[in-house]
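Here is a short briefing on one protein chain. Please read it with the sequence and the structure open.

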Amino acid sequence: MNREPVSRELFDEVMVPNYAPGNIIPVRGEGSRVWDQEGREFIDLQGGIAVTSLGHAHPGLVGTLQEQAEKVWHLSNVMTNEPALRLAKTLCDHTFAERVFFANSGGEANEAAFKLARRYSWEHYGPEKHEIISFKNAFHGRTLFTVSVGGQHKYLEGFEPAPGGIHHAEFNDLDSVKALISKEKTCAVVVEPIQGESGVLPADPEFLKGLRQLCDENNALLVFDEVQTGVGRTGYLYAYEMYGVTPDILSSAKGLGGGFPVAAMLTTAKVAASLGVGTHGSTYGGNALACAVAQKVIDTVSQPEILKGVNARSDKLRKGMMDIGERYGVFSEVRGAGLLLGCVLTEQWQGKAKDFLNAGREEGVMVLMAGANVIRLAPSLIIPEVDIEEALERFEAAVKKLTA
Ligand SMILES: *Cc1c(COP(=O)(O)O)cnc(C)c1O
């Protein structure tokens with residue numbers, strides 16, 4: 001057994017260099033606080049990129065994980081298991097969905113969604129109707145299909161040829177969709193209700209309503225990528241409820257497992273029928289440990305008082321960040337919903353989001369970026385109010401130093 005001390009430097013010696021992790025290594029977490037190797041404490045407004053929806057070491061999740069660990073971890077889909085069945089039933093009870101497919105990551109849930117959309121159209125209308133319309137700057141994952149549907153060409157560079165039949169329209173611009181959609185060719189329109197990675201940019205309600213109508217008129221499926229916006233993040237269990245627009249397929253991951261890798265694709269019985277036996281699969285999808293943990297997350301997050309709490313925390317955090325923004329002239333706007341907030345840097349600070357991240361870390365608060373011009377906050381949905389207050393104080397200290 002190798003128990004040598006490890007440090008950040010080792011990353012560059014043993015890891016593929018596709019990430020540039022920060023210069024600390026957290027070793028322990030509790031609620032919204034984490035401690036690094038040196039015992040320094042941080043308030044976590046990153047939430048593992050909108051993943052640790054109930055914070056770190058949540059007693060309920062730890063208990064559930066331990067309990068399931070002593071029963072059965074994994075069976076594969078040669079058999080089904082109780083946690084997967086219960087979780088699927090719960091997701092159907094709480095949403096528009098009538099059928100669920102489990103996967104392990106957001107990219108995989110989207111891969112399943114896009115494959116299903118193609119397969120459904122192929123079955124009902126023929127092979128010509130295979131085109132997917134998605135949006136510029138969208139993010140859907142890092143598999144070849146999902147980066148191709150995603151709207152940032154830099155993520156495709158050097159990996160082409162990409163799958164074909166994908167068109168990118170302008171987000172929040174219905175006319176640009178009208179110019180691309182057709183009854184003959186379009187099988188699906190894929191959209192994030194709030195574009196997360198590219199800057200926490202919410203869709204206009206009229207835009208999503210318009211997409212629903214265009215899809216209906218053109219026999220195309222509407223796919224919502226709720227990998228980032230789902231599981232209580234916006235103050236609704238899923239953001240589609242906030243918008244009052246129901247998709248045909250929805251992908252969920254990130255917050256679903258509270259830190260345990262699990263994802264789900266939700267859909268209707270009619271659409272699901274196109275993924276018949278043998279058409280798609282995953283060894284780990286529906287893993288018993290993962291589903292048991294996700295069950296506990298959904299049971300907790302779907303409680304009305306938890307969702308209400310998200311909005312109360314959101315108000316406090318948003319107001320605090322707007323105050324800092326005004327006092328130091330750093331933010332032009334704080335946008336987003338619930339506990340997915342984007343603080344847009346002013347002209348003067350364009351491209352400098354990373355400096356704010358680093359400055360925050362020095363003061364003991366961890367924030368995210370969403371592109372180079374937006375500071376993103378995606379903390380635990382149950383972050384204590386005192387942690388929000390202290391995080392704001394620490395972040396203000398960081399901004400004060402940075403702008404001095
Ligand atoms: C993070 C994210 C993904 C990719 O999820 P992975 O688990 O990293 O594969 C897909 N879509 C959206 C909207 C995301 O935010």
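## Ser-314 and the overall layout

Ser-314 is buried, with a relative accessible area of 3%. This is a predicted model. The domain assignment splits the protein chain into domain 1 (8-57 + 304-403) and domain 2 (71-301).

**Around Ser-314**

- Ser-314 sits in helix α12, which covers residues 304-328.
- Beyond its neighbours within four places in sequence, Ser-314 is in contact with Gly-338, Leu-339 and Leu-341.
- Ser-314 and Ala-88 are 226 residues apart along the chain, and 29 Å separate their C-alpha atoms.

**Domains**

- The centres of domain 1 and domain 2, taken over C-alpha atoms, are 27 Å apart.
- Across the boundary, 25 residues of domain 1 are in contact with 25 residues of domain 2.

**Nonpolar cores**

- The largest nonpolar core holds 84 residues. Within this core, Phe-135, Tyr-238, Ile-375 and Phe-395 touch the most other members.
- Helix α11 (residues 288-301) gives the most to this core, with seven residues.
- Both domains take part: domain 1 (8-57 + 304-403) and domain 2 (71-301) each supply at least three residues to this core.
- Another core, of 24 residues, lies apart from the largest one. Its members include Tyr-120, Cys-187, Leu-221 and Val-223.
- What does Ile-375 touch, leaving aside its neighbours within four places in sequence? Its contacts include the aromatic residues Phe-331, Phe-356 and Phe-395. Also among them are Leu-341, Leu-345, Val-367, Leu-368 and Met-369. Gly-342, Cys-343 and Ala-353 are in contact with Ile-375 as well.
- Leu-341 is thus named twice: it is in contact with Ile-375, and also with Ser-314.

**Cysteines**

- How many disulfides does the count give? The count is zero.
- A disulfide is a covalent bond between the sulfur atoms of two cysteines.
- Cys-92 is in no disulfide. Its nearest cysteine sulfur belongs to Cys-291, 13 Å away.
- Why does Cys-187 have no bond to Cys-215? The closest cysteine sulfur to that of Cys-187 is in Cys-215, and because the two are 9.9 Å apart, they are too far for a bond. The cut-off for a disulfide is 2.5 Å between sulfur atoms.
- Cys-187 counts as buried, at 0% relative accessibility.

**Cavities and pockets**

- Rolling a probe the size of a water molecule over the atoms shows where empty space is left.
- There are two cavities of 30 Å³ or more.
- The largest cavity contains about 40 Å³ of space.
- Part of the lining of the largest cavity comes from His-74, Leu-75, Ser-76, Asn-77, Met-79 and Asn-81. Thr-283, Tyr-284, Gly-285, Gly-286, Asn-287 and Ala-288 also line this cavity.
- The second largest pocket has a volume of about 600 Å³.
- Lining the second largest pocket are 25 residues. Asn-77, Val-100, Phe-101, Phe-102 and His-280 lie nearest its centre.
- Three elements, α4 (82-94), β4 (99-103) and β12 (263-267), give two or more residues to the lining of this pocket. Of the elements, β4 gives the most, with four residues.
- Asn-77 lines the largest cavity, and Asn-77 also lines the second largest pocket.

**Backbone geometry**

- Most residues other than glycine have a negative phi, and most peptide bonds are trans.
- Is the peptide bond from Glu-160 to Pro-161 cis or trans? This bond is cis, with omega near 10°.
- Pro-161 is placed in the loop between α6 (144-149) and β6 (166-169).
- Ile-49 is not a glycine, yet its phi is positive, at about 60°. Ile-49 is part of helix α2 (residues 47-50). Its relative accessible area is 36%, so Ile-49 is partly exposed.
- Val-231 also has a positive phi, near 60°, in a residue other than glycine. Val-231 lies in the loop between β10 (221-225) and α9 (239-243). At 2% relative accessibility, Val-231 counts as buried.

**A loop residue: Asn-18**

- Where is Asn-18? Asn-18 is in the loop between α1 (8-14) and β1 (26-30).
- Is Asn-18 buried or exposed? Asn-18 counts as exposed, at 53% relative accessibility. The cut-off for exposed is over 50%.
- Asn-18 and Asn-137 are 119 residues apart along the chain, with 20 Å between their C-alpha atoms.

Notes. Residues numbered from 1 in each chain as written. Predicted model: local features only at pLDDT ≥ 70, side-chain atom pairs only at ≥ 80, totals over all residues. Heavy atoms only, no water. Core = buried A, V, L, I, M, F, W, Y, C linked by side-chain atoms within 4.5 Å. Buried < 20%, exposed > 50% of the residue type's maximum accessible area, 1.4 Å probe, protein only. Domains from an automatic or database assignment. Contact = heavy atoms within 4.5 Å. 1 Å grid on protein atoms, 1.4 Å probe; cavity = no way out; pocket = protein on both sides within 12 Å on 5 of 7 lines; lining within 4 Å. Points joined across faces, edges and corners; volume = space filled by probe spheres on them.
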